[in-house]
Amino acid sequence: MSPRCDCCGEHVEKLNQQITVMRKEIKNLRQILDGAGRAHRKHMTSIRSAVANIGLREPDKEQAPPPPLAAPQALEQGNIQTVPIGYISSCFAVKNGTPRQPTICGPSRAELRIQQSIFNNPEHALVGLEQYSHVWIIFLFHKNGHLNYKAKVKPPRLNGQRVGVYSTRSPHRPNALGLTLARLDKIDGDTVHLSDIDMIAGTPVLDIKPYIPDYDSPHSRLDKEHCDPITDQKTDAQSDLESENNYDEALVSLLSKDKPEAGTPVRDSSQSVSAQLPLHKNIHQMLDEVRAYVTQGELQLSCASEDQVSDSPKTKAPECNVDYPCYGEKAYITIAGWIREPPVSSLQVRFTPQAQKELADFIPTHLSGSSESDRPRFRFLRSTEEAVAAIRGVLSADPRSIHRRTRCRDRLFYFILDSADITCWFGQGFAEVLQVRPVEQNAVSV
Ligand SMILES: C[S@@+](CC[C@H](N)C(=O)[O-])C[C@H]1O[C@@H](n2cnc3c(N)ncnc32)[C@H](O)[C@@H]1O
């Protein structure tokens, strides 16, 4: 006799059979629901694409995931699948100790080989680029870790203060795209040789564009206006001005003759105001403008206090950041004050005698054929002086994070430059290199 259930008195065996039947039914029902769901999603996708094709906005789609877009439609909506055109090989293996901007460390070199998967003949894509001295490199911050971004960030140069991410060059931004103006050293077939870079080895590059000051630098745009648009030759006015030997003196004496009222802030005239003036106008006209500027205080070149400054964009004086004052209808170029005058000062860099000796032991790239096989070799750096300059560049800008600067001041700092593993420490106002050892084989792949 099979046992009975205590609650209902039914045979347990019979109850088990009923449970098995019910499980089967549930499974069938699930399959039916899944099928219906798939059909529904398919149906919704075709409705959405029909709606998109006739240019209507689809109704609220809170629950449905966005349907996959066909390529042209995705492009129109700003969604693209990026494909790296190549990957950077550089003298910086890891983020630690990589310059924060390309100009910090001149001899920082890199190579970029255009992938065969992008063009059948990658070298064809580089034809003509050799005529440029600089290129924009657009790349992915692929080592950001998990995609993490905030509307406000703390740039290291601001020593803990927060600013909007879009007023900085922070790597942590919604689309993790980097932009570096690099020097183009040479092109070798499908490979571009660069220097002045701030990208780590392995960085995926999405695009290269020539740097064209006429388009990319407002300074040059102003200069360009002084050239004949057809011949690209300097206009007579500009040549006249350039031949005017006492041109600087004329302006300086004019400025000193027409000194503004006491208390009106004006940049020191000895700072060669003239050197920054656009050379496109008749000198008398220009001098008149300078006079008007000095006497009327329309354009204040120095740090005017905020209450002295009108809100009008035309006359608003920037805070000490005038890059290129210009006159008439043209606008100022201004940048955030902390870029040039950060609240953190740059550090003095020194080497212990032992570190100097270790650094001198490295064989530079151009001597790579040397028979001294037991000495460590640089792959990108061409001399000990270059290595010293690069290390100085990296350390004087204080590469530590805010956390390390404030919480772990006493900890040793390690970074890799080319094939050298560098150990240093930071004191009040200085960084000292303690050790320069060859990177262990396979420790990093450059
Ligand atoms: C402040 S960002 C500036 C990069 C670029 N010049 C720009 O303005 O977009 C430079 C820093 O990004 C970091 N970095 C460089 N390459 C990276 C990569 N592939 N992934 C993540 N971080 C990277 C390094 O720590 C370097 O110091």
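## A tour from one turn outward

Start by selecting Asp418, which sits in the loop between E10 and E11. The labels are easy to follow: helices (H or I, at least four residues) and strands (E, at least two) are DSSP runs, numbered from the N terminus. What you have open is a predicted model, in which local features need pLDDT of at least 70, side-chain atom pairs count only at pLDDT 80 or more, and totals for chains, interfaces and linings use all residues. Residues are numbered from 1 along each chain as its sequence is written, and side-chain values use heavy atoms, with hydrogens and water left out.

**Stop 1: the turn at Asp418**

Stay on Asp418 for a moment. Its phi is near 55°, a positive value in a residue other than glycine. Is Asp418 buried or exposed? Asp418 is buried, with a relative accessible area of 3%; buried means under 20% relative accessible area, exposed over 50%, and partly exposed in between (1.4 Å probe, protein chains only).

Now show the strands on both sides. E10 and E11 make a hairpin with two residues between them. They run antiparallel and are joined by five bridges; two strands pair if DSSP finds at least two bridges between them. To see the partners, select Leu417 with Ala420 of E11, then Phe413, which stands opposite Cys424 in E11.

**Stop 2: along E11 to the next hairpin**

Follow E11 to its neighbour E12, with which it pairs in the antiparallel sense over eight bridges. Phe426 has Ala431 in E12 as its bridge partner. This hairpin also has two residues between its strands, and Gly429 in the turn has a positive phi of about 80°.

Next, colour Trp425, found in strand E11 (residues 420-427). Trp425 is partly exposed, with a relative accessible area of 31%. Add Leu412 and Tyr414: together with Trp425 they form a nonpolar patch on the surface, with about 280 Å² of accessible area. Patches are made of residues with over 30% relative accessible area and no salt bridge, joining like charges within 9 Å and nonpolar side chains (Val, Leu, Ile, Met, Phe, Trp, Tyr) within 5 Å. A salt bridge here is a side-chain nitrogen of Lys or Arg within 4 Å of a carboxyl oxygen of Asp or Glu. The areas come from the Shrake-Rupley method with a 1.4 Å probe, and for residues only the protein chains shown count as cover.

**Stop 3: the whole sheet**

Zoom out to an open sheet of four strands, in the order E9-E12-E11-E10, with mixed pairing. Strand E9 (348-351) and strand E10 (413-417) are the edges, each pairing on one side only.

Then show helix H9 (residues 353-360), which lies across E9 and strand E12 (430-438) and runs at about 40° to E12. Axes are lines fitted to C-alpha atoms, for helices over the stretch in contact (heavy atoms within 4.5 Å), and angles run from 0 to 180 degrees between N-to-C directions.

**Stop 4: E3 and its two partners**

Jump to Trp136. It stands opposite Leu181 in E6 and also opposite Lys209 in E8. Strand E3 (residues 134-140) is joined to strand E6 (residues 177-188) by seven antiparallel bridges, while E3 and strand E8 (residues 204-210) pair in the antiparallel sense over five.

**Stop 5: two buried loop residues**

Select Ala176, in the loop between strand E5 (163-164) and E6. Ala176 has a phi near 45°, a positive value in a residue other than glycine, and counts as buried at 6% relative accessibility.

Finish at Thr98, in the loop between strand E1 (86-90) and strand E2 (109-113). Which residues does Thr98 touch? Not counting residues up to four places away in sequence, they are Phe92, Asp198, Met199 and Ile200. Thr98 counts as buried, at 11% relative accessibility.
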